[in-house]
Amino acid sequence: MRKSLGTKGVFTAPQPVLLVGTYDENGVANLMNVAWGGQCSEKHVALNLGHERQTLENMRRTKTFTVMFATEETMVQADYVGIVSGLKVHDKVAKSGLTPMRAEMVNAPAIEQLPVTLECRLSEERETPTGEVRVVGEVVNISADESVLNEKGRVDFDKMHLICFDEATLKYRRIGEIVGNAFVEGNKIRKA
Ligand SMILES: Cc1cc2nc3c(=O)[nH]c(=O)nc-3n(C[C@H](O)[C@H](O)[C@H](O)COP(=O)(O)O)c2cc1C
């Protein structure tokens, strides 16, 4: 028996824990936690941001940002940058204990403790009907720490210890094990 739950607490799962990096007007690195975001085409990511975000001010000025992925090891810091705004706390990245470093190809910070960075150019911004701001970034480079690469030089999720945001219970969860092969498993039905 199914129950209709209405639209309170809408979620898609697993929801990412994205960390978006920008520089303020003094070159101070800022980081925010974003659940409402993800890949929206081969080389683009879309984010939904509230208006009152240091991140938004920063990306409007620099036209660039970085997208990184929270890990089990950086969960506390990831949550911290999601509950404290750079508009109120100066240099929250330093306070979090994370170490900013320059991204290779854009004017935005990477973070030493976050092993993979999508370096993005702001390509679109528009107001949503619900009063938030939808930004789209073109990924112009991906940089990754060697420690999370496999023997073929590709990012290995097992080595990243990724977490996701459980919007239904407001918990952070581990991303799990491999259970099958994409674009392959469906052949068991197609070829039956
Ligand atoms: C788990 C989690 C998910 C969040 N998702 C979003 C989001 O998708 N969009 C958004 O605008 N704010 C989101 N926030 C809130 C921002 O991270 C928060 O307002 C932050 O302080 C903004 O930082 P800034 O003002 O320094 O940019 C989220 C916070 C948490 C803890």
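**Close-up 1. Phe183 in the loop after strand E12.** In this predicted model, Phe183 counts as exposed because its C-beta atom has 6 C-beta neighbours inside 10 Å, and a residue with 12 or fewer is placed in that class. Phe183 is found in the loop between E12 and helix H5 (187-190). The backbone here has a phi near 65°, a positive value in a residue other than glycine.

**Close-up 2. The E11-E12 hairpin and the pairing of E11 with E1.** Strand E11 (residues 163-166) and strand E12 (residues 171-174) form a hairpin with four residues between them, and Leu170 in the turn has a positive phi of about 55°. The two strands pair in the antiparallel sense over four bridges, with Phe165 standing opposite Tyr172 in E12. E11 also pairs in the antiparallel sense with strand E1 (residues 15-16), over two bridges, and in that pairing Gln15 stands opposite Phe165. Of the two faces of E11, the one carrying Ile163 and Phe165 is covered, whereas the one carrying Cys164 and Asp166 is uncovered.

**Close-up 3. The cis peptide bond ahead of strand E1.** Ala13 and Pro14 are joined by a cis peptide bond, for which omega is about -5°. Pro14 lies in the segment before E1.

**Close-up 4. Helix H4 and the loop that follows, with Met160 and His161.** Met160 is found in helix H4 (residues 157-160) and counts as buried, because it has 21 C-beta neighbours inside 10 Å. Leaving aside its neighbours within four places in sequence, Met160 is in contact with Phe69, Thr71, Pro115, Val116 and Val148. For one of these partners, Thr71, the separation in sequence is 89 residues, while the C-alpha atoms of Met160 and Thr71 are 6.6 Å apart in space. His161 is found in the loop between H4 and E11 and has a phi near 55°, a positive value in a residue other than glycine. With 17 C-beta neighbours inside 10 Å, His161 counts as partly exposed.

**Close-up 5. The seven-stranded open sheet and its edges.** The strands of this sheet follow the order E3-E2-E6-E9-E10-E5-E4, with antiparallel pairing. Strand E3 (29-34) and strand E4 (37-41) stand at the edges, and because each has a single partner strand, one side of each is left without a neighbour in the sheet. Neighbouring strands are turned by 35° against each other on average, direction ignored. Within the sheet, strand E5 (residues 44-49) and strand E10 (residues 133-144) run antiparallel and are joined by six bridges; in E10, Val136 is the bridge partner of Ala46.

**Close-up 6. Helices H1 and H2 lying across the sheet strands.** Helix H1 (residues 54-62) lies across strand E2 (18-23), E3, E5, strand E6 (64-69), strand E9 (116-127) and E10, and it runs at about 55° to E2. Helix H2 (residues 75-83) lies across E2 and E3, running at about 95° to E3.

**Close-up 7. Leu19 in the largest nonpolar core.** The largest nonpolar core has 37 residues, and those with the most contacts inside it are Leu19, Val20, Leu31, Val67 and Phe69. Leaving aside neighbours within four places in sequence, the contacts of Leu19 are with Leu31, Asn33, Met68, Ala70, Ala78, Val81 and Leu114.

**Close-up 8. Asn30 and its surroundings in strand E3.** Asn30 lies in strand E3 and counts as buried, because it has 28 C-beta neighbours inside 10 Å. Once neighbours within four places in sequence are left aside, Asn30 is in contact with Thr22, Asp24, Gln54, Thr55, Asn58, Gly86, Lys92 and Val93. Asn30 and Val93 are 63 residues apart in sequence, yet their C-alpha atoms are 6.0 Å apart in space.

**Close-up 9. The shell of residues around the ligand.** Of the 21 residues around the ligand, Trp36, Thr55, Gly82, Ser85 and Gly86 come nearest. The elements that give two or more residues to this shell are E3, E5, H1 and H2, and E3 gives the most, with four residues. The residues of the shell divide into nine nonpolar, 10 polar and two charged.

Technical notes. Residues numbered from 1 in each chain as written. Predicted model: local features only at pLDDT ≥ 70, side-chain atom pairs only at ≥ 80, totals over all residues. Pairing = 2+ DSSP bridges. Axes fitted to C-alpha atoms, helices over the stretch in contact; angles between N-to-C directions. Contact = placed C-beta atoms within 7 Å. Near = placed C-beta within 6 Å. Nonpolar A, V, L, I, M, F, W, Y, C, P; charged D, E, K, R; others polar. Core = buried A, V, L, I, M, F, W, Y, C linked by C-beta atoms within 7 Å. Buried ≥ 20, exposed ≤ 12 C-beta atoms within 10 Å, placed from the backbone.
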